[in-house]
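Reader: Hi! I'm new to reading protein models. Could you take me slowly through one part, the way two helices pack against each other?

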Amino acid sequence: MPKRVYLDHAATTPLDPRVLEAMLPYLSDIWGNPSSLYAEAQEARKGLEAARRTMAGLLGCKPQEIIFTSGGTESEDLALRGVAYASRRRGPPAGKQASHIVTSAIEHHAVLHTAERLEQEGFRVTYLPVDGEGFIDLAELERAVGEETTLVSIMLANNEVGTIEPIEEAARIVKEKNRHTAFHTDAVQAVGTLDVSVDRLGVDLLSIGAHKFYGPKGVGALYVRARTPLQPQLLGGAQEKNRRAGTENVAYVVGMAKAMELAYREFDARNAHYRALRDRLLDELPARVPHVHIVGPKDGSRRLSNSFSCCFEYIEGEAILMALDLEGVAASSGSACTSGSLEPSHVLTAMGLPQELARGSLRLTVGKGNTQEEIDYLLEMLPGIVSRLRALSPTWPERETAEAEATEKPL
Ligand SMILES: Cc1ncc(COP(=O)(O)O)c(C=O)c1O
């Protein structure tokens with residue numbers, strides 16, 4: 001049996017040793033402030049700008065269209081507030097209402113909570129519903145966008161169920177309806193498993209967080225297409241061309257660029273590896289455990305290659321997580337941020353799952369270090385865990401039979 005089996009790569013990934021190696025010089029010898037003018041600073045600036053060029057090359061944008069941030073959450077915040085406040089500063093056209101934002105009901109809380117705050121501040125926000133597989137309805141999107149819509153924010157891939165939203169079509173529809181509307185996509189879960197070329201997607205803003213693709217935590221980026229109105233949120237120095245104040249985290253930015261470069265270089269091999277492991281879960285888990293519902297798109301090409309999500313009837317996801325942890329497996333129920341709260345996931349309920357079923361959710365997200373043996377280990381152990389928990393569950397219809405069987409067994 002392996003020591004520990006980590007199946008929560010959507011929560012975070014381990015730092016790739018090659019990334020650490022790229023970062024180390026910037027944590028030791030090259031410590032200058034990249035905004036200063038002397039030689040020590042220029043070394044740091046060189047590293048920072050090389051990282052920007054690398055990422056721009058992979059995103060298919062200009063280096064100056066990348067703003068370095070402290071992670072996915074800050075990138076989302078800057079995208080939403082930055083565009084919303086910039087539009088308010090310009091004011092609505094004569095006779096028009098306050099500016100309007102469109103997003104979806106299954107966004108990460110970094111987007112949803114920011115949208116809710118903007119709503120409290122007087123912006124109008126439309127939350128698009130999703131279908132049973134987590135897809136937005138493009139016709140609804142088209143209806144929602146109007147003259148006052150300044151921003152549309154739809155995630156590229158969902159962190160809980162792996163649904164890949166049709167961003168290319170969505171962005172095209174939005175631009176046809178209102179060419180002044182900025183389109184933001186949260187690509188935090190997508191980098192490393194999907195192509196995130198900004199022109200192919202047709203987006204104006206795109207959020208990235210390095211720790212989801214074997215880079216360091218606490219660093220990210222926001223792509224902002226040239227001439228997109230954006231009001232800075234962190235105020236202070238003139239870093240990042242006056243769009244995000246604060247001395248850049250040079251070593252971590254260098255690490256993020258290295259991690260992204262590796263993700264692209266190993267793109268096909270990683271995706272094939274993830275898909276093989278994930279498909280085994282999709283095929284085998286329902287065959288081994290009764291009363292389980294696979295969640296997310298049935299079409300494997302429309303869900304992230306590394307993502308598996310299901311719901312067990314009659315048990316709580318939290319209880320499964322604890323039992324799995326005791327058996328050496330790290331997994332998640334819904335998103336990491338909502339684990340520990342008894343509220344069922346907003347994503348699963350938006351997809352129409354009944355609350356009791358949504359409470360029994362399990363998310364397994366595989367990574368490049370996982371093996372078939374680890375998946376086999378999980379598949380062998382999980383049926384036992386589920387039946388033990390169900391035997392204790394007051395809602396399990398076969399409980400009395402299970403109890404009778406348990407008392408019949410000699411100790
Ligand atoms: C889809 C999505 N967006 C945003 C975030 C927030 O990113 P960060 O942890 O870098 O702040 C996450 C992290 O779980 C995520 O999965």
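Author: Happy to; here is a close look at one helix pair.

This is a predicted model, in which local features need pLDDT of at least 70, side-chain atom pairs count only at pLDDT 80 or more, and totals for chains, interfaces and linings use all residues. Residues are numbered from 1 along each chain as its sequence is written, and side-chain values use heavy atoms, with hydrogens and water left out.

Two packed helices are described by the angle between their axes and the distance between the axes. Our pair is helix H1, residues 17-27, and helix H9, residues 250-265. (Helices are DSSP runs of H or I with at least four residues, numbered from the N terminus.) Their axes lie 8 Å apart, at an angle of about 155°; axes are lines fitted to C-alpha atoms over the stretch in contact, and angles run from 0 to 180 degrees between N-to-C directions. That angle makes H1 roughly antiparallel to H9, a term for angles over 145 degrees. The crossing of H1 and H9 is right-handed: the near helix is turned clockwise from the far one by less than a right angle.

Now find the residues in contact (heavy atoms within 4.5 Å). H1 brings Arg18, Val19, Ala22, Met23, Tyr26 and Leu27. From H9 come Val250, Ala251, Tyr252, Val254, Gly255, Lys258, Ala259 and Leu262. Sorted by class, this contact of H1 with H9 has eleven nonpolar residues, one polar and two charged. Here Ala, Val, Leu, Ile, Met, Phe, Trp, Tyr, Cys and Pro count as nonpolar, Asp, Glu, Lys and Arg as charged, and the others, Gly among them, as polar.

For another pair to view, helix H10 (residues 267-288) and helix H14 (residues 372-392) cross at roughly 20°, with axes that come within 10 Å. That makes H10 roughly parallel to H14, the term for angles under 35 degrees.

Definitions and conventions. Helices (H or I, at least four residues) and strands (E, at least two) are DSSP runs, numbered from the N terminus. Angles under 35 degrees count as roughly parallel, over 145 as roughly antiparallel, 65 to 115 as roughly perpendicular and the rest as oblique.
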